[in-house]
Amino acid sequence: MKNIFLNTLFLFVSIISFSQTSDISISVSDAETNEPLLGATVYFEELAKGAVTDFYGIATFTEIPNGNHIIKISYIGFKTIETTIDVGTKKEFAFKLESGGNELDEVVIQSSRSTRTVRKIPTRIEFIGAEELGEKAVMNPTNISMVLRESTGIQMQQTSLSSGNTNIRIQGLDGRYTQLLRDGFPLYGGFSSGLSILQIPPLDLKQFEIIKGSSSTLYGGGAIAGLINMVSKTPDEEPALDIMLTQTQALGSTANVFYSKRNEKFGVSLYGSGHYQKAYDPEDDDFSNLPKTTSISFNPKFFYYPSEKTTFWFGLNGTYDDRIGGDITKIESGENGIHQYTEENVSKRLSSQAVYETQIDSVSSLTIKNSISFFDRELTIPDFTFDGKQTNTFTEINYQKSANKTDWIFGANLYTSDFDENDNATLQRDQTDITYGAFANNIYDISDNWILETGLRADYNTDFGFFPLPRVSLLYKNDSGFSSRIGGGLGYKIPDIFTEEAEFINFENVLGIDKSSLNAERSYGVNLDFNYQTRLFETVGFSINQLFYVTAINDALLLNSTDNGFFQFENATDEILSKGAETNIKFTYKDFRWFLNYALIDTKLNYLAGNPQKPLTAKHNAGSVLMYESEKWRIGYETFYKGKQFLSNGTETTDFITMGFVAMRNFKWGTTFVNFENFTDRRQSRFSPLVLPPHDNPEFSEIHAPTDGFIFSVGVIIKPFGNEDDD
């Protein structure tokens with residue numbers, strides 16, 4: 001009887017104890033500034049209860065059972081914390097969040113030339129991180145075109161059906177107005193033109209940084225439409241080894257290998273890539289839609305760390321690329337009867353990069369860098385060969401200093417470009433350019449909410465003269481998740497023969513640049529954007545960015561025909577005016593992310609009667625990407641809409657929608673994946689012919705839609721040192 005009484009009493013006390021609840025408050029603040037964070041999410045996982053902090057950074061809860069509970073506190077741009085609190089012992093809890101989460105705002109951007117995070121830089125910079133790069137590498141492991149093509153306002157314009165040559169267009173402007181950088185070095189473009197994008201594999205890159213609008217103040221001539229800086233992976237103390245193997249149903253095979261490791265004094269990263277593609281003709285018209293391709297790339301880098309404050313690294317980049325497209329019968333069996341037309345590009349690239357960085361003291365640093373880039377290309381079509389070599393050099397020294405409220409950078413650089421056409425060529429179009437530059441840039445914190453960035457570059461080209469390039473940007477931000485940037489600047493481009501129009505006709509009968517009669521192209525541009533991020537319904541993250549832009553180019557370089565059958569370059573009599581808007585929306589819910597985007601691109605050629613829309617530029621573009629990401633799975637479904645375009649002859653094309661699906665499964669040893677690219681098989685041949693007769697000397701239509709159609713690929717990424725993404 002006594003035991004029954006004691007057990008009953010214990011059970012009664014336990015019930016009373018477990019039924020007790022408390023009303024509590026949890027305050028959340030910024031660990032750096034101690035300011036309260038409005039809109040932070042506090043969530044009790046076991047109880048499925050959540051709340052959002054108010055203006056004072058406080059989230060309140062009622063009737064929380066006493067005892068230990070696990071809570072998760074998250075806020076956009078800050079590191080999420082997960083901890084245990086003992087409810088009942090006290091009613092008020094306080095936590096501080098540290099900046100540096102996985103959101104865009106806390107990423108340090110190298111192209112800004114400062115150590116500030118995105119949300120503290122007035123220049124608008126778009127960021128593509130390692131996670132998204134990994135997904136795009138699965139979709140296209142051979143080059144970076146997939147990464148760029150699916151970014152809002154960026155168009156990948158294919159200029160050749162036979163070779164697949166592709167140029168990047170930002171906001172409707174030709175590829176020559178975009179500067180491609182790797183680790184801050186201008187290594188691509190020029191003679192390589194439409195081959196540049198095709199010869200940059202993505203596996204050894206850790207992030208992309210995109211600045212739209214004139215960026216010539218920071219990086220010199222050529223960045224009229226914007227710049228893209230590709231940042232390479234660097235070695236850590238933990239070794240990394242990625243082996244990626246991919247196979248497509250279109251008979252394309254790719255192998256990529258990346259290794260890195262460092263110790264106290266030395267480090268190394270090694271990257272190699274091999275790709276083979278059989279000539280692919282999905283519509284059986286006897287002309288290839290994908291050229292037969294053999295491509296090999298290597299990129300070793302060596303790092304030396306003489307002290308904690310100093311780093312020196314040296315890298316080499318080499319590529320051999322042979323692609324031949326055109327008549328399938330000739331490619332596979334040789335010339336026979338009407339089977340005569342092929343286009344072959346054989347190119348070799350070798351470049352070096354050397355960087356010395358040292359921290360002089362706690363607030364200042366010095367960087368010296370140099371690159372030498374050599375490109376050899378031979379383009380062959382029946383009865384014509386375009387053959388030449390181009391050597392570019394880039395040298396820069398810059399000094400940075402950071403104070404409490406201001407960052408300064410001063411620098412000077414030298415850029416040289418030398419194109420040497422084969423001495424046997426009928427037209428000798430050799431060109432040498434030398435440009436000296438000096439620049440200064442300042443970022444100043446006017447207050448906690450306002451930040452101003454100003455810059456000035458002075459470039460001198462030995463043939464085209466002096467180019468003063470000022471720029472200014474202003475950032476407003478507050479603690480409610482709203483920010484806005486406005487900025488503008490000037491730009492310029494030194495004329496050369498490597499334009500999309502010249503490439504379309506394989507540079508045949510194109511006269512060289514007459515420096516005495518041509519002016520350098522000049523531009524001005526302004527960007528204005530608004531950004532807002534918050535939480536909806538406690539567990540749903542929401543952000544929106546709205547951009548408006550305008551860019552004008554004066555003295556644009558045009559290729560016009562002459563009376564004797566040649567083509568010569570002239571300056572346009574009026575400007576090219578590109579204006580428009582970009583909208584990016586993002587929703588997050590647990591392991592789901594949904595991205596929506598829309599781009600209005602209104603690019604007018606004011607030097608032509610009626611100010612027509614630029615050919616091959618869709619005015620309306622939209623996209624939707626739905627992603628599920630857990631520790632084991634990444635699954636994505638994409639839909640992209642491209643509006644109607646005009647061809648050069650004024651013909652209006654049809655609009656179209658493409659869809660894609662990708663699935664990745666993580667294991668301890670690596671990742672397996674499948675990708676269905678353009679699985680609705682939208683391709684231009686369904687709307688209009690790609691190749692026009694005669695068969696032995698065909699004419700090719702302008703390309704305004706995908707040419708390869710549906711591509712299915714499977715692959716594996718092997719990680720011998722373990723997969724960090726797997727549980």
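This text leads the reader through a predicted model, going from sheets and the core to salt bridges, the surface and a few unusual backbone spots.

A convenient place to begin is a small group of strands with low residue numbers. Three strands form an open sheet, arranged in the order S4-S1-S7, and their pairing is mixed. Strand S4 (58-65) and strand S7 (92-97) are the edge strands, each of them pairing on one side only. On average, neighbouring strands of this sheet are turned by 25° against each other when direction is ignored. Within the sheet, strand S1 (residues 21-30) and S7 run in the parallel sense and are joined over six bridges, and in S7 the residue that serves as bridge partner of serine 29 is lysine 96.

Further along the chain, strand S9 (residues 154-158) and S10 offer a pairing in the antiparallel sense, which extends over five bridges. The bridge partner of methionine 156 in S10 is isoleucine 168. Strand S10 (residues 166-170) is largely enclosed by the rest of the structure, because five of its five residues are buried. The cover is found on both faces of S10, since Thr166, Ile168 and Ile170 are buried on one side, while Asn167 and Arg169 are buried on the other.

S9 and S10 also take part in the largest nonpolar core. In soluble globular proteins, nonpolar side chains tend to be buried together. The largest core here has 35 residues, of which Ile144, Leu148, Phe208, Ile228 and Met230 touch the most other members. Helix H3 (145-149), S9, S10, S13, strand S14 (226-232) and S18 are the elements that give two or more residues to this core, and S13 gives the most, with three residues.

The model can also be read through its charged side chains. Side chains of opposite charge can pair when their charged atoms come close. Over the whole structure, a search finds 33 salt bridges. In one of these, lysine 136 pairs with glutamate 638, with the closest N and O atoms 2.9 Å apart. This pair links distant parts of the chain, as lysine 136 belongs to helix H2 (residues 130-139) and glutamate 638 to strand S35 (residues 633-642), 502 residues apart. Lysine 136 and glutamate 638 are both buried.

Another salt bridge brings together the side chains of lysine 719 and aspartate 242, at 3.0 Å from N to O. Here too distant parts of the chain are linked, with lysine 719 in the segment after strand S40 (711-718) and aspartate 242 in strand S15 (residues 240-248), 477 residues apart. Both lysine 719 and aspartate 242 are buried. A further salt bridge joins glutamate 453 to arginine 471, and its closest N and O atoms are 3.1 Å apart. Glutamate 453 is in strand S25 (residues 450-461), whereas arginine 471 is in strand S26 (residues 465-477), and the two are 18 residues apart. Glutamate 453 and arginine 471 are likewise both buried.

Salt bridges can also be connected with one another, and a network of them links Arg169, Asp174, Arg176, Glu500, Glu521 and Lys614. Arg169 has already appeared above as one of the buried residues of S10.

At the surface, nonpolar side chains make a patch of about 800 Å², whose members are Phe266, Leu270, Phe302, Tyr304, Phe312, Phe314, Tyr356, Ile368 and Ile397. Strand S17 (266-277), strand S18 (292-307) and strand S19 (310-326) each supply at least two residues of this patch, and phenylalanine 266 is found in S17. S18 is thus named both here and among the elements that contribute to the largest nonpolar core.

The last stops are individual places in loops. The peptide bond that runs from proline 693 to proline 694 is cis, with omega near 10°, and proline 694 is placed in the loop between strand S38 (691-692) and strand S39 (699-700). Serine 193, in the loop between strand S12 (185-186) and strand S13 (205-212), has a phi near 30°, which is a positive value in a residue other than glycine. With a relative accessible area of 10%, serine 193 is buried. Aspartate 555, in the loop between strand S29 (540-554) and strand S30 (557-561), also has a positive phi, near 60°. Aspartate 555 is partly exposed, its relative accessible area being 26%.

Terms used: Residues are numbered from 1 along each chain as its sequence is written. This is a predicted model: local features need pLDDT of at least 70, side-chain atom pairs count only at pLDDT 80 or more; totals for chains, interfaces and linings use all residues. Side-chain values use heavy atoms; hydrogens and water are left out. Buried means under 20% relative accessible area, exposed over 50%, partly exposed in between (1.4 Å probe, protein chains only). Helices (H or I, at least four residues) and strands (E, at least two) are DSSP runs, numbered from the N terminus. Two strands pair if DSSP finds at least two bridges between them. A salt bridge is a side-chain nitrogen of Lys or Arg within 4 Å of a carboxyl oxygen of Asp or Glu. Patches are made of residues with over 30% relative accessible area and no salt bridge: like charges are joined within 9 Å, nonpolar side chains (Val, Leu, Ile, Met, Phe, Trp, Tyr) within 5 Å. Accessible areas come from the Shrake-Rupley method with a 1.4 Å probe; for residues, only the protein chains shown count as cover. Axes are lines fitted to C-alpha atoms, for helices over the stretch in contact, and angles run from 0 to 180 degrees between N-to-C directions. A nonpolar core is a set of buried Ala, Val, Leu, Ile, Met, Phe, Trp, Tyr and Cys residues joined through side-chain atoms within 4.5 Å.
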